[in-house]
Amino acid sequence: MDAVKEKVIGNIKTIRETKNYSEEYMADKMGISQSTYNRKENGEGDFTLTELINLAGVLEVSVSKIIELDLARIITQNNTEFHDHAAGNQNIIEHQTVSAEGYKVAIETQEKEIAYLRAQVDKLMDKLGG
């Protein structure tokens, strides 16, 4: 399991346990089986972006809290890696590609979270008659 996935799963489990939510509770709220939830939380499957948004709602935290994207750390790490390698080293290109992909995932995740939150606000406004 890669480090990013391991961190995200660890965050999910820590937040869930802090709130004293069982895997069964989470699975029920997400509309999936407990065994499916268990496999995903143990890294044997992947949570989709939609599932991460649903998880955030159930756990009452932001998606960014679950994935804890620290763009400043990513930039610093990328710059450090650049200085650690000789010019032209293939590793520099590989690390920059990973960082670029990380930014893309971060942006997509944030856009989906914003859309989800806007939909929730619209629902609340409809209920309030506004």
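These questions and answers go through a predicted model of one chain.

Reader: How many helices and how many strands does the chain have?
Author: Read along the sequence, the pattern is α-α-α-α-α-α-α. The secondary structure comes to seven helices and zero strands.

Reader: What share of the 130 residues is buried?
Author: The cut-off for buried is under 20% relative accessible area. In this chain of 130 residues, the buried share is 25%.

Reader: How much accessible surface does the chain have, and what part of it belongs to carbon and sulfur atoms?
Author: The accessible surface of the chain comes to about 8,500 Å². Carbon and sulfur atoms hold a part of that surface, and their share is 53%.

Reader: Among contacts between residues at least 6 apart in sequence, what share joins residues at least 24 apart?
Author: One example of a distant pair in sequence is E108 and L49, which are 59 residues apart and have C-alpha atoms 8.8 Å apart in space. For contacts in the chain between residues at least 6 apart, the share that joins residues at least 24 apart is 56%.

Reader: Which helix gives the most residues to the largest nonpolar core?
Author: The largest nonpolar core has 18 residues, and I12, M26, Y37, F47, L52, L55 and I66 touch the most other members. At least two residues each come from α1, α2, α4 and α5. The helix that gives the most to this core, with six residues, is α4.

Reader: Which residues does I66 contact, leaving aside neighbours within four places in sequence?
Author: I66 is one of the core residues that touch the most other members. Leaving aside neighbours within four places, its contacts are V8, N11, I12, I15, L52, L55, A56, L59 and V61.

Reader: Why do the buried residues of α2 lie on the same side, and what arc do they cover?
Author: The buried residues of α2 are E23, M26, A27 and M30. They sit on the same side of α2 because their arc around the axis is only 95 degrees. An α-helix has 3.6 residues a turn, so residues three or four places apart point the same way. The arc covered in α2 is 95 degrees.

Reader: Which helices are included in what covers the buried residues of α2?
Author: M26 is one of the buried residues of α2. M26 also belongs to the largest nonpolar core. The cover over the buried residues of α2 includes α1, α3 and α4.

Reader: Is E23 buried or exposed?
Author: The side chains of E23 and R16 form a salt bridge, at 3.9 Å from N to O. R16 has a relative accessible area of 6%, so R16 is buried. E23 has 14%, so E23 is buried.

Reader: Where do K5 and D46 lie, and how many residues apart are they?
Author: The whole structure has six salt bridges. In one of them, the side chains of K5 and D46 meet at 2.6 Å, N to O. The pair links distant parts of the chain: K5 in helix α1 and D46 in the loop between α3 and α4, with a separation in sequence of 41 residues.

Reader: Is D46 buried or exposed?
Author: K5, its salt-bridge partner, has a relative accessible area of 22%, so K5 counts as partly exposed. D46 has 52% relative accessibility, so D46 counts as exposed.

Reader: Which residue forms a salt bridge with K19?
Author: K19 is partly exposed, with a relative accessible area of 29%. K19 lies in the loop between α1 and α2, and its partner lies in the loop between α4 and α5, 41 residues apart. The closest N and O atoms are 3.8 Å apart, and the partner is E60.

Reader: What is the phi of E60, a residue other than glycine?
Author: Most residues other than glycine have a negative phi. E60 goes against this, with a positive value. E60 is exposed, at 60% relative accessible area. Its phi is near 60 degrees.

Reader: Which residues form the nonpolar patch on the surface?
Author: One member is in helix α7, residues 90-128. That member has 71% relative accessibility, so L128 counts as exposed. The patch has about 310 Å² of accessible area, and its residues are V121, M125 and L128.

Terms used:
Residues are numbered from 1 along each chain as its sequence is written. This is a predicted model: local features need pLDDT of at least 70, side-chain atom pairs count only at pLDDT 80 or more; totals for chains, interfaces and linings use all residues. Side-chain values use heavy atoms; hydrogens and water are left out. Patches are made of residues with over 30% relative accessible area and no salt bridge: like charges are joined within 9 Å, nonpolar side chains (Val, Leu, Ile, Met, Phe, Trp, Tyr) within 5 Å. Accessible areas come from the Shrake-Rupley method with a 1.4 Å probe; for residues, only the protein chains shown count as cover. A salt bridge is a side-chain nitrogen of Lys or Arg within 4 Å of a carboxyl oxygen of Asp or Glu. Helices (H or I, at least four residues) and strands (E, at least two) are DSSP runs, numbered from the N terminus. Buried means under 20% relative accessible area, exposed over 50%, partly exposed in between (1.4 Å probe, protein chains only). Contact means heavy atoms within 4.5 Å. A nonpolar core is a set of buried Ala, Val, Leu, Ile, Met, Phe, Trp, Tyr and Cys residues joined through side-chain atoms within 4.5 Å. The arc is that of the directions from the helix axis to the C-beta atoms.
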